[in-house]
Amino acid sequence: MWVAKWNDRVRLGQRATGSTSIYIKNHFDHNSIPTPDLDLIDATIIEIKIGNIPPFKIISAYIKPNLRGGFPLEDFKKLLNSGNNVIIAGDLNATHINWNNYNCNPYGRKRYNFISNVKGVRVIAPHSPTHLNLSSRDTVLDICVQKRIPFNSEIHALNKLNSDHLPVTLAINTGSFAINSPELFSTNWENFRHILNSKPLPPFQIKSNDDIEFAVGTLGKFFKETLKEASKPNFSKPPERLPEFIRNKIRLRNYLRRIWQQTRDPYFDSEFQKIKGEITDDTTKFYSKRYEDYIESLSPSNQLGEKHPS
């Protein structure tokens with residue numbers, strides 16, 4: 001079961017005009033946290049506790065573009081300083097070339113200059129655009145700011161909605177060691193041997209089946225700990241972008257959908273459904289071809305350059 005936490009955007013003397021929210025599975029140990037006194041940023045905050053990991057705050061945030069005073073740095077500082085371990089994610093309307101954009105806007109420059117001088121803070125951004133523009137270049141607006149979060153993270157934009165703003169997923173590896181998934185890490189076996197030789201094996205006295213089970217369990221734990229020390233995570237490659245002609249169709253689809261919603265003209269609905277079907281077919285063919293090329297690369301005829309022992 002999921003639980004919703006949200007904050008409405010309410011200005012003095014006005015009705016609510018928007019909100020931010022967080023949906024969380026209720027079996028997680030979490031609490032709603034009051035937001036600090038903010039003037040220009042919409043935010044919802046929860047604190048979550050997972051296992052033995054110190055609690056950290058997750059903040060869903062939104063910043064309106066083109067604010068008169070520019071990027072609301074003082075509000076942003078309040079959110080960043082709301083805890084020792086903090087994750088801020090959302091549409092912050094700040095673009096920068098270091099966050100996979102083609103250029104920098106004033107928001108992006110101001111925030112980048114601030115973050116560059118703060119220890120323990122980093123920004124991760126999708127490799128593909130999160131906002132599709134009809135008349136200009138696509139941009140990465142939805143990013144994540146992490147403060148003292150010691151885990152590896154992956155963030156991706158998904159082509160899942162009929163909207164110019166795409167959903168984004170953020171996956172955080174909270175430290176579990178994937179012993180049964182060797183593709184997720186690489187091991188320095190020389191270092192493994194060195195660490196293994198430097199650790200004294202515990203003495204065993206085998207007098208019963210229970211002693212055997214204890215010895216096997218202890219040795220297994222011993223080898224796993226050594227393997228973890230000698231290994232490091234493999235970082236997955238950036239996701240391949242869809243071809244330009246498919247991304248152009250996605251922009252057109254979003255444009256037609258927006259016009260149809262405004263006019264309710266059946267012509268635009270028909271064109272929207274047509275281009276939507278084309279995108280589905282083209283995307284399926286693209287991924288199928290990529291998979292076929294991958295399988296072909298594994299065939300023996302493509303391994304002629306590989307050296308084999310004689």
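Analyst: Buried means a relative accessible area under 20%, exposed means over 50%, and partly exposed is what falls in between. Happy to go through this one with you; please keep in mind that the model is predicted.

User: Thanks! Then how does Glu47 count, and what is its relative accessible area?

Analyst: Partly exposed is the label between the 20% and 50% limits. Glu47 falls in that range, so Glu47 counts as partly exposed, with a relative accessible area of 23%.

User: Which residue forms a salt bridge with Glu47, and is that residue buried or exposed?

Analyst: The closest N and O atoms of the pair are 3.3 Å apart, and the partner is Lys57. Lys57 lies in strand β5 and Glu47 in strand β4, so the bridge ties together parts that are 10 residues apart in sequence. With a relative accessible area of 11%, the partner is under the 20% limit, so the answer is Lys57, buried.

User: How many salt bridges does the whole structure have?

Analyst: The Lys57 and Glu47 pair is one example. Another is Glu74 with Lys77, where the closest N and O atoms are 3.5 Å apart. A search of the whole structure gives a total of eight.

User: How far apart along the helix are Glu74 and Lys77?

Analyst: Lys77 is partly exposed because its relative accessibility is 26%. Both residues sit in helix α1 and are three residues apart, so their separation is about one helical turn.

User: Let's move to α5. Which residues join Glu244 and Arg247 in one salt-bridge network?

Analyst: Glu244 and Arg247 meet through their side chains in a salt bridge of 2.8 Å, N to O. Both lie in helix α5, three residues apart, or about one turn. Glu244 is partly exposed because its relative accessible area is 38%, whereas Arg247 is buried at 15%. Through bridges that share partners, the network also takes in Asp138 and Arg251.

User: Which residues does Arg257 touch, leaving out those up to four places away in sequence?

Analyst: Arg257 is also found in helix α5, residues 244-263, and counts as partly exposed because its relative accessibility is 29%. One partner is 95 residues away in sequence, yet 7.6 Å away in space, C-alpha to C-alpha. The residues touched are Phe272 and that distant partner, Asn162.

User: Where on helix α1 do its buried residues lie?

Analyst: The buried residues of α1, which spans residues 73-80, are Leu73, Asp75, Phe76, Leu79 and Leu80. Because they cover an arc of only 160 degrees around the axis, they lie on the same side of α1.

User: Which elements do the buried residues of α2 pack against?

Analyst: The buried residues of α2 are Tyr107, Gly108, Arg111, Phe114 and Ile115. Their arc around the axis is only 135 degrees, so they sit on the same side of α2. For α1, the buried residues pack against β4, β5, β6, α2, β7 and β8. For α2, the elements are β5, β7, β8 and α1.

User: Which element gives the most residues to the largest nonpolar core?

Analyst: This core has 26 residues, and Ile59, Phe76, Leu79 and Ile88 touch the most other members. Elements that supply at least two residues each are β4, β5, β6, β8, α2 and α1. With four residues, the element that gives the most is α1.

User: Which residues does Leu79 touch, leaving out those up to four places away in sequence?

Analyst: Leu79 is one of the buried residues of α1. Its contacts are Pro36, Leu38, Ile41, Ala43, Ile45, Ile59, Val86 and Ile88.

User: What about the surface: is Phe214 buried or exposed?

Analyst: Phe214 lies in helix α4, residues 209-229. Together with Phe204, Ile206, Ile212 and Val216, Phe214 forms a nonpolar patch on the surface, with about 480 Å² of accessible area together. Its relative accessibility is 56%, over the 50% limit, so Phe214 is exposed.

User: Last one: what share of the chain is buried?

Analyst: The chain has six helices and 12 strands. Its exposed area is about 20,100 Å², and carbon and sulfur atoms supply 54% of that area. Among the 310 residues in the chain, the buried share is 32%.

Notes: Residues are numbered from 1 along each chain as its sequence is written. This is a predicted model: local features need pLDDT of at least 70, side-chain atom pairs count only at pLDDT 80 or more; totals for chains, interfaces and linings use all residues. Side-chain values use heavy atoms; hydrogens and water are left out. Patches are made of residues with over 30% relative accessible area and no salt bridge: like charges are joined within 9 Å, nonpolar side chains (Val, Leu, Ile, Met, Phe, Trp, Tyr) within 5 Å. Accessible areas come from the Shrake-Rupley method with a 1.4 Å probe; for residues, only the protein chains shown count as cover. A salt bridge is a side-chain nitrogen of Lys or Arg within 4 Å of a carboxyl oxygen of Asp or Glu. Buried means under 20% relative accessible area, exposed over 50%, partly exposed in between (1.4 Å probe, protein chains only). The arc is that of the directions from the helix axis to the C-beta atoms. Contact means heavy atoms within 4.5 Å. A nonpolar core is a set of buried Ala, Val, Leu, Ile, Met, Phe, Trp, Tyr and Cys residues joined through side-chain atoms within 4.5 Å.
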